[in-house]
Amino acid sequence: MITIKDSREIELMRHAGHVVGLVHKELEKFLRPGLTTQEVADFCEKIIRNEGCTPSFLHLYDFPGSVCTSVNDTVVHGIPSNYVLKDGDILSVDVGACWKGYHGDSAWTYAIGNPSDDVKRLMKVCEESLYAGLAQVKPGNRVGDISHAVQVYLESHGCTTPRDYTGHGIGTEVHQDPSIPNWGAAHRGPRLKKGMCLAVEPMAHLGGEEVVVLRDGWTTKTKDHSLAAHYEHTVAITDGGYEIMTKV
């Protein structure tokens, strides 16, 4: 069931989103070669808790980390570990924060040290596909309009997107209806209405779209080991469009 949030609920989500945005702002200054992904996760969790929130992902569906740290060919759900980030790596950090029962959720991809041209292109295309999708977020449009815009943008720039993972509604639970695929036909799916809150999250591969899940049940990699990126914002639908809640 798709829920419509009132002004009080959106204000709570706005604060949760602000904390998520703060984490990403601080990550830009913190990340460097030599850090482990566990140290990255600890840094994120400290900010979340210092701001009075709790990490949305910790123990969600038994996930063991406070955030997801996905390196290079890992698309999503990378578990923080003792992996040491190297110059040229690409790292996607998916952050969720809960404030008084309401969630904010945003993923961003970072180049560690000196990125290759392929990394720069992948990051640019994936981030721009996010905003191509968000341009379709307004009352009267349909979920498929978001999906189609993301897919067209990615594929027109030589990238693919996995078919196993989608964006989603968000509120008192991290994942609510509707699902928001990163592919599909325009003018299909649920109609968008003011007060709906969505997490739109394109994932992009430089290679094929197929993925594999490792034996830990979480870590999801590109099947051909091509590089992957992931960008996400939580937004609230307004009278004339949308408000991004996961940025400072």
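1. The axes of helix H3 (residues 117-134) and helix H4 (residues 143-156) come within 8 Å of each other and cross at roughly 150 degrees. Angles over 145 degrees count as roughly antiparallel, and H3 is therefore roughly antiparallel to H4. The crossing of this pair, H3 and H4, is right-handed. The model described here and in the points below is a predicted one.

2. The contact between these helices can be followed residue by residue. On the H3 side stand Val125, Cys126, Glu128, Ser129, Ala132 and Gly133, and they meet Ile146, Ala149, Val150, Tyr153 and Leu154 of H4. By class, the residues of the contact of H3 with H4 comprise 8 nonpolar, 2 polar and 1 charged.

3. A second helix pair is formed by H1 (residues 7-30) and H2, whose axes come within 9 Å and cross at roughly 140 degrees. H1 and H2 are therefore oblique to each other. The crossing of H1 and H2 is right-handed.

4. Which residues bring H1 and H2 together? From H1, the participants are Val19, Leu22, Val23, Glu26, Leu27 and Phe30; in H2 they meet Glu39, Val40, Phe43, Cys44, Ile47 and Ile48. The contact of H1 with H2 divides into 10 nonpolar residues, no polar ones and 2 charged.

5. Phe43 offers a closer view of that contact. This residue is found in helix H2, which covers residues 37-50. When neighbours within four places in sequence are left aside, Phe43 is in contact with Glu26, Leu27 and Phe30. Phe43 and Val23 are 20 residues apart along the chain, and their C-alpha atoms are separated by 8.6 Å.

6. The UniProt record, an unreviewed entry, carries several "binding site" annotations. One of them covers Asp105, His168, Glu201 and Glu232. These residues span 128 residues in sequence, yet no two of their C-alpha atoms are more than 10.6 Å apart, so they gather at one spot. Of this set, Asp105, His168 and Glu201 are included in the lining of the largest pocket. As for secondary structure, His168 is found in strand E6 (residues 167-169).

7. Another "binding site" annotation in the unreviewed UniProt entry covers Asp94, Asp105 and Glu232. The set spans 139 residues in sequence, but no two of its C-alpha atoms are more than 8.2 Å apart, so its members gather at one spot. From this set, the lining of the largest pocket takes in Asp94 and Asp105. Asp94 has its place in strand E4 (residues 90-99).

8. Where does the UniProt record place a further "binding site" feature? The unreviewed entry places it at His77 and His175. Although these are spread over 99 residues of sequence, they cluster in space, with a largest C-alpha distance of 14.5 Å. His77 and His175 are both taken in by the lining of the largest pocket. The place of His77 is in the loop between strand E3 (74-76) and E4.

9. Two features of the backbone deserve a remark, against a general background: most residues other than glycine have a negative phi, and most peptide bonds are trans. A cis peptide bond joins Asp177 and Pro178, with omega at about 5 degrees. Pro178 lies in strand E7 (residues 176-180).

10. The other backbone feature concerns His59. Its phi is near 70 degrees, a positive value in a residue other than glycine. His59 lies in the loop between strand E1 (54-55) and strand E2 (68-71).

Key
Residues numbered from 1 in each chain as written. Predicted model: local features only at pLDDT ≥ 70, side-chain atom pairs only at ≥ 80, totals over all residues. Heavy atoms only, no water. Axes fitted to C-alpha atoms, helices over the stretch in contact; angles between N-to-C directions. Helix = DSSP H or I, 4+ residues; strand = E, 2+ residues; numbered from the N terminus. Parallel < 35°, antiparallel > 145°, perpendicular 65-115°, else oblique. Left-handed = near helix turned anticlockwise from the far one by under 90°. Contact = heavy atoms within 4.5 Å. Nonpolar A, V, L, I, M, F, W, Y, C, P; charged D, E, K, R; others polar. UniProt positions renumbered as here; feature names shortened; annotations may be inferred. 1 Å grid on protein atoms, 1.4 Å probe; cavity = no way out; pocket = protein on both sides within 12 Å on 5 of 7 lines; lining within 4 Å.
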